[in-house]
Each structure stands twice: as C-alpha cells, then as structure tokens.
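Subject: Structure handover

Hi,

Here is the structure I promised to pass on. Have a look at it first, and then read my notes underneath.

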Amino acid sequence: MKEPLEDRAKKAARIIASPQEFKVCESCGSIVAKKAVFCPNCNGYRFDGSKEMVIAQAEILGKRESTSISQEDYL
C-alpha cells in the first residue's frame, strides 16, 4: 500500500530534524536507521551516513510518492 504524501512529508521532516540517526542506501536511495546493516528494501550494504546526504534525500523522498517495493508487495 502506497503512503500518502502527507505521511511521507511528516517522516521526511522527522528525518531532517535528526539526520544523525539515519543513513542513505547507495543502491536504492532508501533512508534507513543508522543501526541497519542491510537495506530492508534491496539488501544493499553500502550507505552514505553524511548529514548532508540524509537531508537531501529526505527532501526528495518527502515530496514524491513511494516507488519502492515493500515486503507487503510480495504477499
């Protein structure tokens, strides 16, 4: 189920407020928790944890609909 833009914008705002708690997957561009070892969306393992990248990606993702495949899509 796709997330409404309003929900994505709220999540993006929360990420932007605490970018040190997140990192960006370099494979698919998803934002994940800093403690993640693998990306839950693509199983990637390379991340960019810089605050600048996290903020920039959150701004992009918060303004558009979700396009990634989630676990629910496989059910």
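Below is what I found, going from the overall fold to the sheet, the cores and the surface.

One caveat before anything else: this is a predicted model, so please read everything here in that light.

Overall fold first. The protein chain has two helices and three strands, and from the N terminus they come in the order α-β-β-β-α. There are 75 residues, 31% of which count as buried. If you take the contacts between residues at least 6 apart in sequence, 46% of them join residues at least 24 apart. The accessible surface is about 5,400 Å², with 55% of that belonging to carbon and sulfur atoms.

Now the sheet. The three strands make an open, antiparallel sheet in the order β2-β1-β3. β2 and β3 are the edge strands with a single partner each, so each has one side without a neighbour in the sheet. On one flank, β1 pairs with β2 over three bridges, antiparallel, and here F22 sits opposite A33 in β2. These two strands form a hairpin with five residues between them, and G29 in the turn has a positive phi of about 85 degrees. On the other flank, β1 and β3 pair over two bridges, again in the antiparallel sense. Across that pairing, V24 faces D48 and C25 faces F47.

What is packed inside? The largest nonpolar core has eight residues: A12, I15, F22, V24, I31, V54, A58 and L61. The elements giving two or more residues to this core are α1 (5-17), β1 (22-25) and α2 (51-61), and α2 gives the most, with three. As a general point, nonpolar side chains in soluble globular proteins tend to be buried together.

V24 is a good residue to click on if you want to see how this part fits together. Leaving aside its neighbours within four places in sequence, V24 is in contact with G29, S30, I31, R46, F47, D48, M53, V54 and Q57. So you meet the turn glycine of the hairpin again in that list, along with I31 and V54 from the core. There is also a second, separate core of five residues, and among them are C25, V32, A36 and C39.

On the outside, V37, F38 and Y45 make a nonpolar surface patch of about 370 Å². F38 itself lies in the loop between β2 (31-33) and β3 (47-48), in case you want to find the patch quickly.

Last, the charges. How many salt bridges does a search of the whole structure find? Just one: K10 with E6, where the closest N and O atoms are 3.5 Å apart. The two residues are four apart in helix α1, which puts about one helical turn between them. Are they buried or exposed? K10 counts as exposed because its relative accessibility is 52%, where the cut-off is over 50%. E6 also counts as exposed, at 56%.

That's it from me. Shout if anything looks odd when you open the model.

Cheers

Key: Residues numbered from 1 in each chain as written. Predicted model: local features only at pLDDT ≥ 70, side-chain atom pairs only at ≥ 80, totals over all residues. Heavy atoms only, no water. Buried < 20%, exposed > 50% of the residue type's maximum accessible area, 1.4 Å probe, protein only. Contact = heavy atoms within 4.5 Å. Areas by Shrake-Rupley, 256 points an atom, 1.4 Å probe, with all protein chains shown as cover. Core = buried A, V, L, I, M, F, W, Y, C linked by side-chain atoms within 4.5 Å. Patch = residues over 30% accessible without salt bridge, like charges linked within 9 Å, V, L, I, M, F, W, Y side chains within 5 Å. Salt bridge = Lys/Arg side-chain N within 4 Å of Asp/Glu carboxyl O. Pairing = 2+ DSSP bridges.
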